[in-house]
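Work through the two exercises below with the structure in view. Try each task before reading its solution.

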Amino acid sequence: MKQQDDKNFVFSEKVSTFITEEVPSASNPYVTESQRIYGYDLEQLLRNKSFVDVIFLLLCGELPSSEDSHLLDKLAVALCNPGPRHPATRSTMIAGVSKTRAGHILPLGLLGLSGSSDGSIEVESAMGYISKNAGEVAERAGIKLCGAYVKCVGDSNIAPGFSSAFGAPDPLVLSLATNLNNLSSDRYFLSWALGLSDALTPINMGINRVGMAAAIFLDLNIPPREAGCLYQLLMAPGLLAHGLEQTHKPITSLPFLTDEYYDYENQSK
């Protein structure tokens, strides 16, 4: 009999998935003799495909073309190390130097990559923004954004995936995105995003890391929800490396902020 709750929901009797098929051993049905991912034998994938190919297969249900595989592999290199300025990296560094268990370091960093500022939520937002506006000439879209721009103190995003950092566009991201765009001549969304970035130069804005990734995910036809999580995955190596590096150092290797850097309000009456 199928289980039901008070609202008369009917629950499945067993877990199901389209992703994985496990063939049990003839001698022991509780262990796996072979495995298929969306119909592809795992051992064949091991011999013939790359890690990014299989990630793409797991998330999208099909293998990428050789050109798409090459682009995704190069994007993985471009994103692999967000660097010590990134808040998510700083969280792993603090965790590492504080002697957090090594297995807990990466999950803490990934949490820092889950939000709406250079995280998975912003990736989804940027994909929505780019796909919605890419039908318009990039220069025209940029002129509209420039006209609506109101200067504010500190870093700011003029649109998801496009911002300034310390008062200027990010030169490294722009260079990486241009190099990635040169890998193929038909990357519509990335080309458009770079065109918009050029149009934002007068207000010292440009494409950022999220915008670069979001445009490429659109060109690769990766769905937004999967793309946001893939963004976290591709940036994970740098988070982990920086955190593990700090585990070998004393706690005094990081600065200790003095009281003047903290805001304090006396609540006592």
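Buried means under 20% relative accessible area, exposed over 50%, and partly exposed in between (1.4 Å probe, protein chains only). Helices (H or I, at least four residues) and strands (E, at least two) are DSSP runs, numbered from the N terminus. The model is predicted: local features need pLDDT of at least 70, side-chain atom pairs count only at pLDDT 80 or more, and totals for chains, interfaces and linings use all residues. Residues are numbered from 1 along each chain as its sequence is written, and side-chain values use heavy atoms, leaving out hydrogens and water.

**Exercise 1.** Work out how far helix α10 is enclosed by the rest of the structure.

Solution.
1. List the buried residues. In α10 they are Val210, Gly211, Met212, Ala213, Ala214, Ala215, Ile216, Phe217, Leu218 and Asp219.
2. Compare with the helix length. α10 spans residues 209-219, and 10 of its 11 residues are buried, so the helix is largely enclosed.
3. Find the packing partners (contact: heavy atoms within 4.5 Å). The buried residues pack against α3, α6, α8, α9, β6 and α11.
4. Check the ends. At the start, a side-chain oxygen of asparagine 208 comes within 3.1 Å of the backbone nitrogen of valine 210. After α10 comes asparagine 221, with a positive phi near 60 degrees.

**Exercise 2.** Which strands stand at the edges of the sheet β1-β2-β3?

Solution.
1. Read the order. The open sheet runs β1-β2-β3, with antiparallel pairing (at least two DSSP bridges between two strands).
2. Count partners. β1 (20-24) and β3 (40-41) each have a single partner strand, so both are edges.
3. Inspect one pair. Five bridges join β1 to β2 (residues 32-37). Glutamate 21 has arginine 36 in β2 as its bridge partner.
4. Move on to the loop between β2 and β3. Tyrosine 38 lies there. Its relative accessibility is 30%, so tyrosine 38 counts as partly exposed.

Conventions
Polar contact = N/O pair within 3.5 Å; in protein donor to acceptor, adjacent residues only side chain to side chain.
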